[in-house]
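Here's a quick briefing to read with the model open in your viewer. We'll go through the core, the sheet, the pocket and a few backbone oddities.

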Amino acid sequence: MANSGNFTTNSSDGRSLTFSWSLSSQSIANNTSTISWQLVGSGSASGWVKAGNFKVTIDGATVYSSTTRINLYNGTLVASGTYTFTHNSSGAKSFT
């Protein structure tokens, strides 16, 4: 598993969302890794774009869900958190 990563959604009205994550801890004894993640507004639009609903699913688990519409600016922190993965028997892990 890499130490960090990110991706950006398609743009709508000049605004998109960027999901980024970084490895925060690992346990060899428990065969787990914990990541910190965040979802942030991005894109080229000036001002705000009304946006929502939001949902973050990591490795098949919904870790954030909101039906609230917000004024989404470039740099708005929509959500953040941590997630712990269990690796396979060889110690490897990939996720979506």
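Contact here means heavy atoms within 4.5 Å. By that rule, and leaving aside neighbours within four places in sequence, Ile58 is in contact with Phe19, Ile35, Trp37, Val63, Tyr83, Phe85, Phe95 and Thr96. Keep in mind that this is a predicted model.

**The nonpolar core**

- Nonpolar side chains in soluble globular proteins tend to be buried together.
- The largest nonpolar core here has 15 residues, and the members that touch the most others are Phe19, Trp37, Leu39, Ile58 and Val78.
- Two or more core residues come from each of strand 2 (16-27), strand 3 (32-42), strand 5 (54-58) and strand 8 (77-86).
- Which strand gives the most to this core? That's strand 8, with four residues.

**A closer look at Trp37**

- You'll find Trp37 in strand 3.
- Is Trp37 buried or exposed? Its relative accessible area is 4%, and buried means under 20%, so Trp37 counts as buried.
- Setting aside residues up to four places away in sequence, Trp37 touches a long list of residues, including Phe19, Ser20 and Trp21. Val56, Ile58, Val63 and Tyr64 are also among its contacts, as are Ala79, Ser80, Gly81, Thr82 and Tyr83.
- Trp37 and Asn6 are 31 residues apart along the chain, with their C-alpha atoms separated by 9.3 Å.

**The four-stranded sheet**

- Four strands make an open sheet in the order 1-2-3-8, and the pairing is antiparallel.
- Strand 1 and strand 8 sit at the edges with a single partner strand each, so each has one side without a neighbour in the sheet.
- From one strand to the next, the twist averages 15 degrees.
- How many bridges join strand 2 to strand 3? There are 11, and the two strands run antiparallel.
- One of the facing pairs there is Ser25 with Thr34 in strand 3.
- Thr34 also has a bridge partner in strand 8, namely Thr84.
- Strand 3 and strand 8 pair over nine bridges, again in the antiparallel sense.
- In that pairing, look for Leu39 opposite Ala79 of strand 8.
- Strand 3 is largely enclosed by the rest of the structure, because nine of its 11 residues are buried.

**The largest pocket**

- The largest pocket has a volume of about 220 Å³.
- Its lining takes in 14 residues, and those nearest its centre are Phe7, Phe19, Leu39, Val56 and Thr57.
- Phe19 and Leu39 also turn up among the core residues that touch the most other members.
- At least two lining residues come from each of strand 1, strand 2 and strand 5.
- Which strand supplies the largest share of the lining? Strand 5 does, with five residues.

**Backbone oddities in the loops**

- Most residues other than glycine have a negative phi, and most peptide bonds are trans.
- One exception is the cis peptide bond from Gly52 to Asn53, with omega near 0 degrees.
- Asn53 belongs to the loop between strand 4 (48-51) and strand 5.
- Asp13 has a positive phi, near 55 degrees. Asp13 lies in the loop between strand 1 (4-8) and strand 2.
- With a relative accessible area of 65%, Asp13 is exposed.
- Asp59 also has a positive phi near 55 degrees, and Asp59 is in the loop between strand 5 and strand 6.
- Asp59 counts as partly exposed, at 31% relative accessibility.
- Asn31 takes a positive phi near 60 degrees in the hairpin of strand 2 and strand 3, where four residues lie between the strands.

**Gly60 and its loop**

- Gly60 is in the loop between strand 5 and strand 6 (61-66).
- Why does Gly60 count as exposed? Its relative accessibility is 71%, and exposed means over 50%.
- From Gly60 to Phe95 it's 35 residues in sequence, and 8.7 Å in space between the C-alpha atoms.
- Phe95 also appears among the contacts of Ile58.

Terms used
Residues numbered from 1 in each chain as written. Predicted model: local features only at pLDDT ≥ 70, side-chain atom pairs only at ≥ 80, totals over all residues. Heavy atoms only, no water. Core = buried A, V, L, I, M, F, W, Y, C linked by side-chain atoms within 4.5 Å. Buried < 20%, exposed > 50% of the residue type's maximum accessible area, 1.4 Å probe, protein only. Pairing = 2+ DSSP bridges. Axes fitted to C-alpha atoms, helices over the stretch in contact; angles between N-to-C directions. 1 Å grid on protein atoms, 1.4 Å probe; cavity = no way out; pocket = protein on both sides within 12 Å on 5 of 7 lines; lining within 4 Å. Points joined across faces, edges and corners; volume = space filled by probe spheres on them.
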